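Notebook open, structure loaded. I'm jotting down what I looked up, in the order I got to it.

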Amino acid sequence: VFANVVQAPEDPILGVTVAYNKDPSPIKLNLGVGAYRTEEGKPLVLNVVRRAEQQLVNDRSRVKEYLPITGLADFNKLSAKLILGSDSPAIQEKRVATVQCLSGTGSLRVGAEFLAKHYHQHTIYIPQPTWGNHPKVFTLAGLTVKYYRYYDPATRGLNFQGLLEDLGSAPSGAIVLLHACAHNPTGVDPTPDQWEQIRQLMRSKALLPFFDSAYQGFASGNLDADAQSIRMFVADGGECLAAQSYAKNMGLYGERVGALSIVCKAADVATRVESQLKLVIRPMYSNPPIHGASIVATILGDRDMYTEWTVELKAMAERIISMRQLLFDALKARGTPGDWSHIIKQIGMFTFTGLNSEQVAFMTREYHIYMTSDGRISMAGLSTRTVPHLADAIQAAVTR
Ligand code: LMR
C-alpha cells in the first residue's frame, strides 16, 4: 500500500550533516547546522550542565513519573523570568502562561496550534529570509504564511524601509514572527531604535508579536541584552508570544528543552490560555520529557550554577565573535575580492556570506566544506585551525 510513496528530499539544514557524515575526507568541515563546537572541533557539554546532571543523579528522591502536561513547574517559572526579566510586571501580575515544550520548534508549533484555534487572525508574517523550518511549522499548524521584507542583499543589512512598508500594509491583527536576537540565517538585527519603531507600528495596527528566541545570551554574551526586543513589547502591557530554546545557550540540543510563554492582559485570561495549551499538548505528545528541563531548572534556580553558566555562555559567544574577526582578517590577507565587513557586523551563530548556491556547491565539492546552499555558515563550527581552509575555499569560489 505504500508502493507509491515518493522519496522526500533531505532537510535543507539537517540534510547537510547527513551529507557531511558520508564524506570520508579528513579535511571535511561541517558549517551547516547551528551547533557549537570547541576550538578542537568537538561538541561541548557545559561544565555547569555536567554539575547539574551529577546533582540530579545523586538525588535518590528523584523519580521518573510523568510531568504535568504543562511540564516542570519550576522550569516554567524560571524560564519566564529569564526571558521577560526577573522584575517583569507581567510575571508579578500573573499574566503569563508558560508551558514547557520540545525546544524552540516545539514551542513554536504549540503556539501556532493555539493561535490557529483561538485567535481570530490566521495570517502570520515571517521575515524574508528566515529559518527554513518556520514556514513549515506554521503552515502545518493551520496558519497562512506571508513574508515581510527583512534582508537587503545589496547592503547585506536590514531592509528597514521594506519591513515597515510590509508590516504597515499587513491586515490588522495579523501575527508577526520576530527573531528576538541573532536573526537566523542573516545575523542581521534591528537596532534598539528600529525595534522601537517596529513596536509602535505593530501596536498601532494590533499586530500580534510571536518571538522566536533561540539565541538568548549567544548574540552578545549578555542574557538581558539579547532579550531586550521582547521586553520592549512586554513593557507596553500588550500581548505577545515567546518561544524559548535552550539548545544553543545551554548546549542542550538533543535534550529538546524549551518553553512557550504567552503574555496576556490579565491573570484570568492567562489561566484560561494555559488550560487551552494543555488541550493542544496532550494529544500531540502527552507531556514533555523530564531530564533536560530538570537540568535547566537546577542551573537557573541556583545562584552559583547560574553564574557559572553565564561565564561559560559568554565564553562561547566570545569564541564565535573571535572567529568572525579571524575569518575577516584571513580574507583580507588573501585579497579576496568583495567587501567582507558584514562578517564582523552580523551577530550570532551565523554569517550570511552572500555566496551563491553554485559557489557553495563548489566549496563542498573541492574543499569538503559543508554549509546550507543559501550561503549561511555556522561561525560556531569554525576554529583557529579551520579558518584558513575556509578562507582558501571562499577565495577560490569567488575568483573562479
Ligand atoms: C539551525 O538553524 O542550524 C539550527 O536551528 C538547527 C536546526 O534545527 O535547524
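**Sheet.** Started with the strands, keeping in mind that this is a predicted model. I find 7 strands in an open sheet with mixed pairing, and the order reads β2-β10-β9-β8-β7-β3-β4. Which strands stand at the edges? They are β2 (96–101) and β4 (144–149); each has a single partner strand, so one side of each is left without a neighbour in the sheet. Going from one strand to the next, I get a twist that averages 25°.

**One edge, up close.** I then checked how β4 is held. Strand β3 (residues 123–128) runs parallel to β4, and 6 bridges join the two. I picked out one residue, Pro127, and its bridge partner in β4 is Tyr148.

**Helices on the sheet.** Next I asked what lies across the strands. Helix α9 (residues 228–235) lies across β7 (175–179), β8 (208–213), β9 (240–245) and β10 (258–263). Against β9, I read an angle of about 155° for α9. Helix α10 (residues 267–285) also packs on the sheet, where it touches β2 and β10. The direction of α10 makes about 20° with that of β2.

**Helix α5 and its two partners.** I looked at α10 again, this time against α5 (residues 103–118). Their axes come within 10 Å and cross at roughly 115°, and the crossing is right-handed. From α5, the contact uses Val110, Glu113, Phe114 and His118; from α10, it uses Gln276, Leu277, Val280 and Ile281. Sorted by class, I have 5 nonpolar, 2 polar and 1 charged in this α5–α10 contact.

Then the pair α5 and α6. Here the axes come within 8 Å and cross at roughly 35°; this crossing is right-handed. The α5 side brings Thr105, Leu108, Arg109 and Ala112, while α6 brings Asn133, Val137 and Phe138. The class split for α5 with α6 is 4 nonpolar, 2 polar and 1 charged.

**Ligand shell.** Which residues surround the ligand? I list Ile13, Val33, Gly34, Trp131, Asn133 and Asn184. Asn133 was already in my notes from the α5–α6 contact. How many of the shell residues are charged? I count no charged residues, with 3 nonpolar and 3 polar making up the shell.

**Backbone oddities.** Before logging these I reminded myself of the usual picture: most peptide bonds are trans, and most residues other than glycine have a negative phi.

- Gln128 and Pro129 are joined by a cis peptide bond, with omega about 0°. I place Pro129 in the loop between β3 and α6 (133–140).
- Asn184, listed above in the ligand shell, is followed by a cis peptide bond to Pro185, with omega near 15°. Pro185 sits in the loop between β7 and α8 (192–204).
- Ala206 is not a glycine, yet I see a positive phi of about 55°. This alanine, Ala206, is in the loop between α8 and β8.

**Record check.** Last, I pulled up UniProt. An unreviewed entry there places the feature "domain: Aminotransferase class I/classII large" at residues 27–394. Over residues 27–394 I get 45% helix and 15% strand. The end C-alpha atoms of that stretch are 15 Å apart.

Terms used: Residues are numbered from 1 along each chain as its sequence is written. This is a predicted model: local features need pLDDT of at least 70, side-chain atom pairs count only at pLDDT 80 or more; totals for chains, interfaces and linings use all residues. A residue is near a molecule or strand if its C-beta atom, placed from the backbone, lies within 6 Å of it. Ala, Val, Leu, Ile, Met, Phe, Trp, Tyr, Cys and Pro count as nonpolar, Asp, Glu, Lys and Arg as charged, and the others, Gly among them, as polar. Two strands pair if DSSP finds at least two bridges between them. Helices (H or I, at least four residues) and strands (E, at least two) are DSSP runs, numbered from the N terminus. Axes are lines fitted to C-alpha atoms, for helices over the stretch in contact, and angles run from 0 to 180 degrees between N-to-C directions. Two residues are in contact if their C-beta atoms, placed from the backbone, lie within 7 Å. A crossing is left-handed if the near helix is turned anticlockwise from the far one by less than a right angle, and right-handed if clockwise. UniProt positions are given in the numbering used here, feature names are shortened, and annotations may be inferred rather than shown by experiment.
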